Amino acid sequence: MAEKEKKVISEEMIFLDKELTNQEDILNFIVKNAFENNYIDDKDKLLAAVKKRENEISTAIGYLIAIPHGKTDAVKSPFISLVRTSEKVKWSEDNDEMVKLIFLIGVPENSEGKLHLKFISQLSKNLLDDDFRDSLLNKKNNKEIFEQLSSIKI
């Protein structure tokens, strides 16, 4: 039951004002940190799952936000990571959508039901709120962002 104790949202998986300039670098950065923080046991598997989903349809949803996600047995404990980039980043070659807030959601293959869809739904509802979004774009430290994200009911 040890993996149940890990929180879906944690301060250690929030990264602010990173100088990352493209989707590839951002995804690699998050996956590397998920591995180092023991949320996953195989970086390549999660990266492949996220890229496969991204290739089906871009996860950029407007408002400077992208929500890439992957479901694979490489994920030991479900997590949501946030990277806020220092500058706007063009999310994919296929469209001109710019992003600055990237939420990567990792879900175990055998998780109960549609856990990742529930995460995405609740997160998306909150992100439609201008004040909520502005706050994420402007808060200065991980603790404040963590508290704000922790207020989302999943």
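**A walk through the fold, starting at helix H2**

Let's begin on the outside of a helix: Asp44, Lys52, Asn55 and Glu56 are exposed and sit on the face of H2 that is turned away from its buried side. Please keep in mind as we go that this is a predicted model. The opposite set of residues in H2, the buried one, consists of Leu46, Leu47, Ala49, Val50 and Glu54. Looking down the axis of H2, you will find these buried residues within an arc of 160°, so they line one face of the helix.

What lies over that buried face? The cover of the buried residues of H2 includes helix H1 (23-36) along with the strands S2 (60-62), S4 (69-72), S5 (79-92) and S6 (95-108). The geometry of the helix itself can be checked too. H2 takes in residues 43-56, and at 1.5 Å a residue its 14 residues should span 20 Å; the C-alpha atoms at its ends are 20 Å apart, so the two values agree. At the start of H2 there is also a polar contact to look for: a side-chain oxygen of Asp42 comes to within 3.0 Å of the backbone nitrogen of Asp44.

Now step back to the whole molecule. The protein chain has five helices and six strands, and read from the N terminus they follow the order β-α-α-β-β-β-β-β-α-α-α. Along the principal axes, its C-alpha atoms fill a box of roughly 35 × 35 × 25 Å. For a compact globule of 154 residues, one would expect a radius of gyration near 15 Å; the protein chain has 14 Å, which agrees. Buried residues make up 47% of the 154. If you count contacts with a separation of 6 or more, 68% of them are between residues 24 or more positions apart.

Strand S5, one of the elements covering H2, is a good next stop. Ten of its 14 residues are buried, so S5 is largely enclosed by the rest of the structure. S5 pairs with strand S1 (residues 9-18) in the parallel sense, over four bridges. S5 also runs antiparallel to S6, and nine bridges join these two strands. The link between S5 and S6 is a hairpin through two residues. Val83 lets you follow both pairings: this residue of S5 is the bridge partner of Phe15, and Val83 also stands opposite Ile102 in S6.

Which residues does Ile14 of strand S1 touch? Neighbours within four places in sequence aside, Ile14 is in contact with Leu82, Asn142, Ile145, Phe146 and Leu149. Its relative accessibility is 3%, and being under 20%, Ile14 counts as buried. Ile14 and Arg84 are 70 residues apart along the chain, yet their C-alpha atoms are separated by 8.2 Å.

Our last stop is Gln148, in helix H5 (residues 142-150). Is Gln148 buried or exposed? With a relative accessible area of 8%, Gln148 is buried. Its side chain reaches the backbone oxygen of Phe132 at 2.8 Å. Beyond residues up to four places away in sequence, Gln148 touches Phe132, Ser135, Leu136 and Lys139. Phe132 is thus a partner in the polar contact and also a member of that list of touching residues.

Notes. Residues numbered from 1 in each chain as written. Predicted model: local features only at pLDDT ≥ 70, side-chain atom pairs only at ≥ 80, totals over all residues. Heavy atoms only, no water. Expected span 1.5 Å × (residues − 1). Buried < 20%, exposed > 50% of the residue type's maximum accessible area, 1.4 Å probe, protein only. Arc of directions from axis to C-beta. Contact = heavy atoms within 4.5 Å. Polar contact = N/O pair within 3.5 Å; in protein donor to acceptor, adjacent residues only side chain to side chain. Pairing = 2+ DSSP bridges. Rg over C-alpha atoms; globule rule 2.2 N^0.38 Å.
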